[in-house]
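Reader: I would like a close look at one part of this model. Take me through the aromatic rings and how they pair.

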Amino acid sequence: STVAGRGIDFTANGETASVSGAVPSSTMTVMSDGSGVIRGTGVYTGAEGNWAGLGIRTVSVASRQEEGLVSALNNPWAGDMQFIMGAYGLNIRTTEADTKLTDMRDYFRANNYADFHWTGYQLERIYWLYSSQSTIYPGRMSTAAETAVLEMLWEWASAECEIGMADPAYINYLWESENHHIMAWVTYWGAAQIFASHPVYSTYNYDDGSTPAEMAAEFDAYFKAWFRDRSSKNLLVEVASPIYAKYSLNALFNLVDFATDLELKAASSSYLDIYFAEWALEQIDGVRGGSRHRCYPGQYSNTHPGGGAEHAWYLFGVGGGPNTHPGVLSALTTFWRPSPATVGLALDTVGRGSYSYTSRPLGLRDLSFQEHPNVYGKGSGYILDPDAGSLLRTTWCTPDFVMGMSQMEALRSS
């Protein structure tokens, strides 16, 4: 795949990639034959000799996603969702995936939909990609499996979701913790979008009397306000968290991939690009340096590559290889791609040079509010200080190391 140790850049179907090598020596345009193998049509002439019809395997995002789907299918890590994603994504063993979805419905019914928000947004991704209503890969799911997904989403959302929960005035009110809130609210958003466009479910009403169309419009407004706010206030409370950040990211990919509101789609895309630009600034070979919020002592502080790393491998090809943790599965099927500027930041460690990076992330509680609105009464939660408080995060970056810290002013104990 190299010519005397020198690299070759190539472009295939609009994506640029490189064969391993120290310095790119030749640029050529090639086409994929659909098999995952790139066939070159040019001829390299140089001191090392000649070649023609070079055969190399693509190193694009799509090829890494396929590698992840194969891994998810063959090595399920924790439950059935990996298998289902792998089977439908590769379009093999789909009958088994169908059965797992109908069994999943029976499980959640028997357990009163406890902790459904961990799973709901992933079911929505499966529905959008593979159901009979899909515009992408329609019909990979059986009718029974599709019915099971719709029933799960309706039985949970119609009872749990109230339209006041999508009021943009409440974007700083969090249910449970940040990643739980994002997973749940993205699932509420996605369910409303699916029901609003469905020929049958669009005629139903939620328990609070709202129609799916009303609920879908309100959640669109909520997330447009949320993305505008968080894009200017350092993205996530759980900054670089090696455990929790991946769950938030995993859910947010649904909005950029499947939102029909163009303003929302653009806002979610910009947010993700900013997120991974910040990640790129603070990492070397996929390992993120600097401080981490909501990070526990031990391996999560010392050896884990940091929040965002698992998704980043699929997007940039740096880091430890395919990860099929349930909190990463959206990366295996997303159509979103980072901007060229963000790709450059991620891959050009030397070119970035040495610099410091400072930010003031959200994270302090707003003590002027003592309780949530009534619609937030389904469990514990907290309200963020909308002015970002006094958290100061500083990171010093060089091509050789990244280190940093978080600081805050002394606060009263209560």
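Author: What follows covers the aromatic pairs, then charges over rings, one buried acid and the model's confidence.

This is a predicted model, where local features need pLDDT of at least 70, side-chain atom pairs count only at pLDDT 80 or more, and totals for chains, interfaces and linings use all residues. Residues are numbered from 1 along each chain as its sequence is written, and side-chain values use heavy atoms, with hydrogens and water left out.

A pair of aromatic rings is described by the distance of the centres and the angle of the planes. Rings of Phe, Tyr and Trp (its six-membered ring) pair if their centres lie within 6.5 Å; planes under 30 degrees apart are stacked, over 60 edge-to-face, and the rest tilted. The whole structure holds 37 aromatic pairs.

One of them joins Tyr88 and Tyr130. Their centres are 5.5 Å apart and their planes 35 degrees, a tilted pair. Tyr88 belongs to helix α2 (residues 81-90) and Tyr130 to helix α4 (residues 117-130), so the pair ties together parts 42 residues apart in sequence. Helices here are DSSP runs (H or I, at least four residues), and strands are E runs of at least two, numbered from the N terminus. Tyr88 and Tyr130 are both buried. Buried means under 20% relative accessible area, exposed over 50%, partly exposed in between (1.4 Å probe, protein chains only).

Next come Tyr188 and Phe219. Their ring centres are 6.1 Å apart with planes at 45 degrees, so this pair is tilted. Tyr188 sits in helix α6 (residues 178-196) and Phe219 in helix α7 (residues 212-231), 31 residues apart. Tyr188 counts as buried because its relative accessibility is 5%. Phe219 is at 0%, so Phe219 counts as buried.

Charges also sit over rings. The cut-off is NZ of Lys or CZ of Arg within 6 Å of the ring centre and within 35 degrees of the ring normal. Lys100 lies over the face of Phe83, 5.2 Å from the ring centre. Arg140 lies over Tyr137, at 4.3 Å.

Away from the rings, Asp366 is in the loop between β11 (355-359) and β12 (381-383). Asp366 touches Ile383, Leu384, Asp385 and Pro386, leaving aside residues up to four places away in sequence. Contact means heavy atoms within 4.5 Å.

Finally, confidence. pLDDT is the predictor's confidence in each residue, from 0 to 100. The chain's mean is 84, and 81% of its residues reach 70 or more. Residues 1-9 are below 50. Residues 19-58 stay under 50 too. Where pLDDT is low, the predicted coordinates should not be read in detail.
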